Amino acid sequence: MTSQTIGPRPSVLRRILPQLVILAVALALNVAVFPEFFQIDFRNGRLFGNLIDVLNRGAPVALLCIGMTLVIATKGIDLSVGAVMAIAGAVAASVVVDGHGWGTALLAALAAGGLCGLWNGLLVAVLRIQPIVATLVLMVAGRGIAQLVTEGKILTFDNPGLIHLGAGTVAGVPTPILIWLALGALVTFVVRKTALGMLIEAIGINERSSRLAGINSRVLLVCVYLVSGLCAALAGVIVAADIKGADANNAGLWLELDAILAVVIGGNSLLGGRFSIIASLIGALIIQSVNSVILLSGLPPEFNLVIKALLILGILVIQSPRIGNYIYLLKASGPQPEPDAPASSPTKEETAR
Amino acid sequence: MIRSTHLPLLITLATFVLAYALCASAYPAMLSLRVVANLLTDNAFLGIAAVGMTFVILSGGIDLSIGSVIAFTGVFLAVILRETSIHPLAAFALVLLLTTAFGTAMGATIHYLEMPPFIVTLAGMFLARGAAYVLSTESVPITHEFYDTLQGLYWKIDGARFRLIGGLMVLTFIVGALVAHRTRFGQNVYALGGGEQAAKLMGVPVARTTIGIYAVSGGLAGLSGIVFSLYTSAGYSLATVGVELDAIAAVVIGGTLLTGGYGFVAGTFFGILIMGLIQTYIVFDGTLSSWWTKIVIGSLLFAFILLQKGLTWAAKKRAAQARMRTATGSAALS
């Protein structure tokens, strides 16, 4: 909405500024505990360095949060992405173990992920089950299905094409980085260059009125969960390819929570509405940078969860409607800005949250 | 007369009886008292936690932190009994206080910051699990003679041992059912689940009730943690991952409406038993793999959610028809 008044470029920058600041702080902490953090080498035709590691290790969460951002923008949530990752990894592994090529494996995994997304979407959009419950079904049963596919074993494979997706490089850059960057750019382009993004936001703000306004919310909701399933499938294939095996029990375990956290850090409200995929992706990088600080500083990794919890709590306080009202009142009681000054638009945004 | 609000509970009961009959026809040994006793013992910690979850879901909320709180309680007990010489009973009191305070804090955050329970308890889940990791990442055994005494307590009938923790679960369910249906707090919980706005207008103390619900859930998760530590004689920070989902599944299979307002504590008890039965069947069968448990529970969950949807839809339709009838009736009179 701000794009019409101020123009797209400055509004995007302003939107992601808080996330960029947090990311800068997290990276600065990394440098503080490990001065050579930004050093990047080029060895054996591959880029090496801690920064590259952050980008590479953050790939699964980054992929998940692309779909999750869209789902959360419709006031939904997708708890099943971790389980879908396990299913997709298992399907890809079993297809290459059966002697098919990596292309077939990738397609089969994407099909499995798409099917899972479709199932979630139908439960939410057609049967009208609240999203947290609808996706809970697949979260509970999904790992069982994945184990059914792998027959309870950790399926290992040595198909070079499939491994390349998780551990290989293209022009020196690790493939996962390219995949999440490309997918993020593609989805952002599609939702922002068409009306799709606005329609999704409309569903999140008020589904009933969006339907009355003529938006086919059912189809859009199904599509959003479908995209989330596809993103999860891609993440699952990357994780499986990285360890050269499909582990139905542990692949993607708790990643749904990281993905939701990334979206929340990205400043997207869990109550639906306005969203920014770029901000969510930066959120994913922030999480990975925090992980990296903990690893590099030699702090026991046990503190990881505590720090994440405190991070969520801090963001919750900032996002809270009541605190938002309080800040608004503080601002309103201060000197009033000029009525036509552009400074009035951010306060409006804050009250909208 | 069968009221539509009782229908989910009746269907849960019927499912349980049917499932038990199927199991017994395949393996007559499952009818033995020993299996029943083990069913109670093995699901004791889950059952106690599920009572708390029933209250939370009845009020229209959700608590994702209980699995982590159970693990934290176990590790806390193990570490404190290893490092200090305080009596386990004092340690129990201390840990119950801690977990209840933890639940209270989450409830206060949910109410005063007006945040969705889902995300607040998610933060709580990370926090409790993280605290357990910080205390110890290894499995800490508990060796205390008082623990041996408690574990040695059982009531023997025909070779079946009804242990203390199973009895504690049944007691928790009875107290939970009494609180839900016979106290003002229980009625407030139902009112809150029916709609916060309406509850507020009716004079329900929303703040006190919301905070109380999460305090109860936290406290019962603590009690469940104590039971789990008695069950395993150890505290391990990686234990009970995903128990919150099992508890939610048990509540839903027990016939409680996930949107809140309808349901029975007793239903959750049968939900727990059905889930335990599935596990027992798989153990008896021996050829089925354990992942079938997850798939069957997932399908049951789905079936019950569908049932809930159908019932709500039918009730709405009936209400609309009744409205229509009175409207046309009064029109005809005038």
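**Briefing: the A–B interface, a helix and a hairpin of chain A**

In this predicted model, 34 residues of chain A are in contact with 36 residues of chain B. On the side of chain B that touches chain A, helix 6 (117–135), helix 12 (243–253) and helix 14 (291–333) of chain B are the elements that each give two or more residues. The points below treat this interface, then helix 5 and the strand pair of chain A.

**Side of chain B that touches chain A**

- Helix 6 of chain B provides the largest share of this side, with twelve residues.
- By residue class, the side of chain B that touches chain A comprises 26 nonpolar, six polar and four charged residues.

**Helix 5 of chain A**

- Helix 5 of chain A covers residues 81–97, and its 17 residues should span 24 Å at 1.5 Å a residue.
- The end C-alpha atoms of helix 5 of chain A lie 24 Å apart, in agreement with that expected span.
- Because 15 of its 17 residues are buried, helix 5 of chain A is largely enclosed by the rest of the structure.
- Gly99(A) follows helix 5 of chain A and has a positive phi, near 95°.

**Strands 1 and 2 of chain A**

- Strand 1 (residues 40–43) and strand 2 (residues 46–49) of chain A are paired in the antiparallel sense, over four bridges.
- Within this pairing, Asp41(A) has Phe48(A) in strand 2 of chain A as its bridge partner.
- The two strands of chain A form a hairpin, with two residues between them.
- In the turn of this hairpin, Asn44(A) has a positive phi of about 50°.

Notes: Residues are numbered from 1 along each chain as its sequence is written. Chains are lettered from A and ligands numbered from 1 in the order in which they are written. This is a predicted model: local features need pLDDT of at least 70, side-chain atom pairs count only at pLDDT 80 or more; totals for chains, interfaces and linings use all residues. The expected span of a helix is 1.5 Å times one less than its number of residues. A residue is buried if 20 or more other C-beta atoms lie within 10 Å of its own, exposed if 12 or fewer, and partly exposed in between; C-beta atoms are placed from the backbone. Two residues are in contact if their C-beta atoms, placed from the backbone, lie within 7 Å. Ala, Val, Leu, Ile, Met, Phe, Trp, Tyr, Cys and Pro count as nonpolar, Asp, Glu, Lys and Arg as charged, and the others, Gly among them, as polar. Two strands pair if DSSP finds at least two bridges between them.
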